[in-house]
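Welcome! Take a moment to look over the sequence and the model, and then let us walk through them together.

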Amino acid sequence: MKLPWRDEDRAISAQLALGYGTIATLAVVLSLALLLPLLRVGSTLDEVREDARSMRESLSLSLSIREHYVHEARTVIERDDRQVAHHERWLELLRERTARLQARVPASERQRLDVLVEESTALDRVFRDRVLPAALANDHAELRDAHRAAEAHTRRATDTADAVVRSLERRMERARQRAQEATRFAMLAGFAGAFTILLLAVLFSIRLRGAIFVPLGQLAEAVRRFGHGGLDAPVGDLGRGEIRIVARAFDAMAEQLRER
């Protein structure tokens, strides 16, 4: 006896495909949802490291200007003009370091770095053109005026460098907050996704139990009765899908045995 095979007879295989496909799709979506925040955290950390290097360079520039001012004061006190070449080299190095820093800082800070170079250049010019000649000539009045001008340039240069440092600190803090937010989002997405997958797995298992295991148990009981000679108790349309086909085939076999 050949049994017809209809699309609804594939219900269990379709249910298995739907259940496993849903869980697999959700797992892929969850992986992507976790990957994107992690990539964002990674890029943010790279930004923080770059800003940290820039901040250290800015601090170094600020200290360099202060040290140079102290060195100039010592040169004036000792009335020694043999260190002028050292001042020129200092200014050259400061310009080089500032140029490297401009390539790493935000556009809003590049103008401040230009001001820093201008003030440092003015400081060196005041020192060589006014401070040192007045010190060598023992012109105290001119030395006082020139020293005040040099001090003003030093203060503006160091204030500008400190402002760059503070701006980079605020930028790093904002980046740190973004990294924390992305991490929290990844954690929440992970917990929510894991809970959803677990819930779907439980619901899927319950449906599978009702669709497969319970009917299989009833079919096994019918087979046991059949083994003891119980041919008059048909299984009927047991379960659904493929199991129903097995139940129909079992009843057809029992019917053929009864006819024989």
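Thr-154 sits in helix α4, which covers residues 140–227; helices here are DSSP runs of H or I with at least four residues, strands are runs of E with at least two, and both are numbered from the N terminus. This is a predicted model, so local features need pLDDT of at least 70 and side-chain atom pairs count only at pLDDT 80 or more, while totals for chains, interfaces and linings use all residues. Residues are numbered from 1 along each chain as its sequence is written, and side-chain values use heavy atoms, with hydrogens and water left out.

Is Thr-154 buried or exposed? Thr-154 counts as buried because its relative accessibility is 7%. Buried means under 20% relative accessible area, exposed means over 50%, and partly exposed is in between, using a 1.4 Å probe and protein chains only. Leaving aside residues up to four places away in sequence, Thr-154 touches Ile-65, Tyr-69 and Leu-123, where a contact means heavy atoms within 4.5 Å.

Next along the chain comes Arg-155, also placed in helix α4. With a relative accessible area of 46%, Arg-155 is partly exposed. Its C-alpha atom is 9.2 Å from that of Ile-65, although their positions lie 90 residues apart along the chain.

Thr-160 is another resident of helix α4. At 12% relative accessibility, Thr-160 counts as buried. Which residues does Thr-160 touch, not counting residues up to four places away in sequence? They are Arg-112, Val-115 and Leu-116.

**The whole protein**

Stepping back, the protein has five helices and zero strands, giving the pattern α-α-α-α-α along the sequence. Of its 260 residues, 37% are buried. Among contacts with a separation of 6 or more, 78% join residues 24 or more positions apart. About 15800 Å² of the protein is exposed, and carbon and sulfur atoms supply 59% of that area; accessible areas come from the Shrake-Rupley method with a 1.4 Å probe, and for residues only the protein chains shown count as cover.

**Helix α3 and what follows**

Helix α3 has 30 residues, 107–136, so at 1.5 Å a residue it should span 44 Å, and this agrees with the 43 Å between its end C-alpha atoms. The expected span is 1.5 Å times one less than the number of residues. A kink of about 40° in α3 is centred on Phe-127; the bend at a residue is the angle between axes fitted to the seven residues ending there and the seven starting there. Just after α3, Asn-138 has a positive phi of about 60°.

**Salt bridges**

Side chains of opposite charge can pair when their charged atoms come close. A salt bridge here is a side-chain nitrogen of Lys or Arg within 4 Å of a carboxyl oxygen of Asp or Glu. Twelve salt bridges are found in the whole structure, including those in this table.

| Salt bridge | N to O distance |
|---|---|
| Arg-178 and Glu-47 | 3.1 Å |
| Glu-50 and Arg-53 | 2.2 Å |
| Glu-173 and Arg-176 | 2.3 Å |

Arg-178 and Glu-47 form a salt bridge. This pair links distant parts of the chain, with Arg-178 in helix α4 and Glu-47 in helix α1 (residues 11–78), 131 residues apart. Arg-178 is partly exposed at 27% relative accessibility, and Glu-47 is partly exposed at 23%. Glu-47, Arg-171 and Arg-178 are linked in a network of salt bridges.

Why are Glu-50 and Arg-53 separated by about one helical turn? The reason is that they are three residues apart in helix α1. An α-helix has 3.6 residues a turn, so residues three or four places apart point the same way. Glu-50 is partly exposed at 22%, as is Arg-53 at 39%.

In helix α4, Glu-173 and Arg-176 are about one helical turn apart because they are three residues from each other. Glu-173 is partly exposed at 32% relative accessibility, and Arg-176 is partly exposed at 37%.

**A nonpolar patch**

Finally, Phe-195, Leu-198, Leu-199, Val-202, Leu-203 and Ile-206 make a nonpolar surface patch of about 590 Å². Patches are made of residues with over 30% relative accessible area and no salt bridge; like charges are joined within 9 Å, and nonpolar side chains (Val, Leu, Ile, Met, Phe, Trp, Tyr) within 5 Å. Val-202 is found in helix α4 and is partly exposed, with a relative accessible area of 41%.
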